[in-house]
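Okay, thanks for squeezing me in. I'll put the structure up and then walk through it, starting with the rings.

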Amino acid sequence: MPTSSSRDGLVLGRVIGDVVDQFSPTVALQVSYNGRRIMNGADLRPSAVAARPRVEVMVDPDAPNPSNPTLREYLHWLVTDIPGTTDSGYGREVICYESPRPPAGIHRVVFVLFRQMARGSVDLPPLLRHNFCTRNFAVDHGLGAPVAAAFFTCQPEGGTGGRRHVLQPPP
């Protein structure tokens, strides 16, 4: 059973609302970015990991800047057909990783995990990275509600406030 605090972080960070609708996390999502573990996703027992393939989406809902996100959501990475008992490194990269490079302000980088009905069911990549919509993508591919989500914040080098992460591709 997910803790309410894991969902509270997603609500306070406006991930629930801006990127996805309210959902109940059912799968453990452990995200490490630049060697740091992101702690705001659901913390479930490993036995909750599903055997079905999964889809992982990485977006920036604040592009190009948080006060005027005209490129919302910017798609940084899309991996499908991830075997249920492994990580994204075993999936099929549909949209190659592009490092977030926020030009201004503090940006949220959001990871959303969906369960696929079958391998190969997400076969058409989005045409553009900008103005991607995680909700519409899920509907178009019959993915249903997310099974997990997590996020972190980043900002341009030399910016002030917020957390700083050196952005490198996920393993």
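**Rings, cores and the shaky bits**

So, this is a predicted model, and it holds 3 aromatic pairs. Let me take Trp77 and Tyr97. Their ring centres sit 6.3 Å apart with the planes at 85°, and since anything over 60 counts that way, the pair is edge-to-face. The pair also ties together distant parts of the chain: Trp77 is in strand β4, residues 74-82, while Tyr97 is in the loop between β5 (92-95) and β6 (107-115), 20 residues apart. Are those two buried or exposed? Trp77 comes out at 6% relative accessibility, so with the cut-off at 20% it counts as buried. Tyr97, at 17%, is under that cut-off too, so it also counts as buried.

Another pair is Phe132 with Phe137, and this one is tilted: 5.4 Å centre to centre and 45° between the planes. Phe132 has a relative accessible area of 7%, so it is buried. Phe137 is at 5%, which means buried again.

Phe137 brings me to the packing. The largest nonpolar core has 23 residues, and the ones touching the most other members are Val55, Val57, Leu78 and Phe137. Who contributes? At least two residues each come from α2 (15-18), β3 (54-60), β4, β5, β6, α3 (134-140) and β7 (148-154). If you click on Val55, leave out anything up to four places away in sequence and you still find contacts to Leu78, Val79, Thr80, Ile82, Val112, Leu113, Phe114, Gln116, Val122, Phe137 and Leu143. Then there's another core, apart from that one, with 18 residues, including Tyr33, Phe111, Ala150 and Phe152. As background, nonpolar side chains in soluble globular proteins tend to be buried together.

Thr80 was on that Val55 list, and I'd like to stop there for a second. Thr80 lies in strand β4. Its relative accessible area is 0%, so it's buried. Beyond four places in sequence, Thr80 touches Arg54, Val55, Gly91, Arg92, Val94, Gln116 and Val122.

Zooming out to the whole chain: we have 3 helices and 7 strands, and along the sequence they run α-α-β-β-β-β-β-β-α-β. Of the 171 residues, 49% count as buried. The contacts are mostly long-range: take those with a separation of 6 or more, and 70% of them are between residues 24 or more positions apart. The accessible surface is about 8700 Å², with 53% of that belonging to carbon and sulfur atoms.

How many disulfides, then? The count is 0. Two cysteines to look at while we're here: Cys96 has a relative accessible area of 45%, which puts it in the partly exposed class. Cys154, by contrast, is at 1%, so that one is buried.

Last thing, confidence. The average pLDDT for the chain is 80, and 80% of the residues score at least 70. Where does it drop under 50? One stretch is residues 42-50, where the model has 23 contacts beyond four places in sequence. Another is residues 161-167, with 20 such contacts. Where pLDDT is low, the predicted coordinates should not be read in detail. That's my tour, happy to rotate things if anyone wants another look.

Terms used. Residues are numbered from 1 along each chain as its sequence is written. Side-chain values use heavy atoms; hydrogens and water are left out. pLDDT is the predictor's confidence in each residue, from 0 to 100. Contact means heavy atoms within 4.5 Å. Rings of Phe, Tyr and Trp (its six-membered ring) pair if their centres lie within 6.5 Å; planes under 30 degrees apart count as stacked, over 60 as edge-to-face and the rest as tilted. Helices (H or I, at least four residues) and strands (E, at least two) are DSSP runs, numbered from the N terminus. Buried means under 20% relative accessible area, exposed over 50%, partly exposed in between (1.4 Å probe, protein chains only). A nonpolar core is a set of buried Ala, Val, Leu, Ile, Met, Phe, Trp, Tyr and Cys residues joined through side-chain atoms within 4.5 Å. Accessible areas come from the Shrake-Rupley method with a 1.4 Å probe; for residues, only the protein chains shown count as cover. A disulfide is a pair of cysteine sulfur atoms within 2.5 Å.
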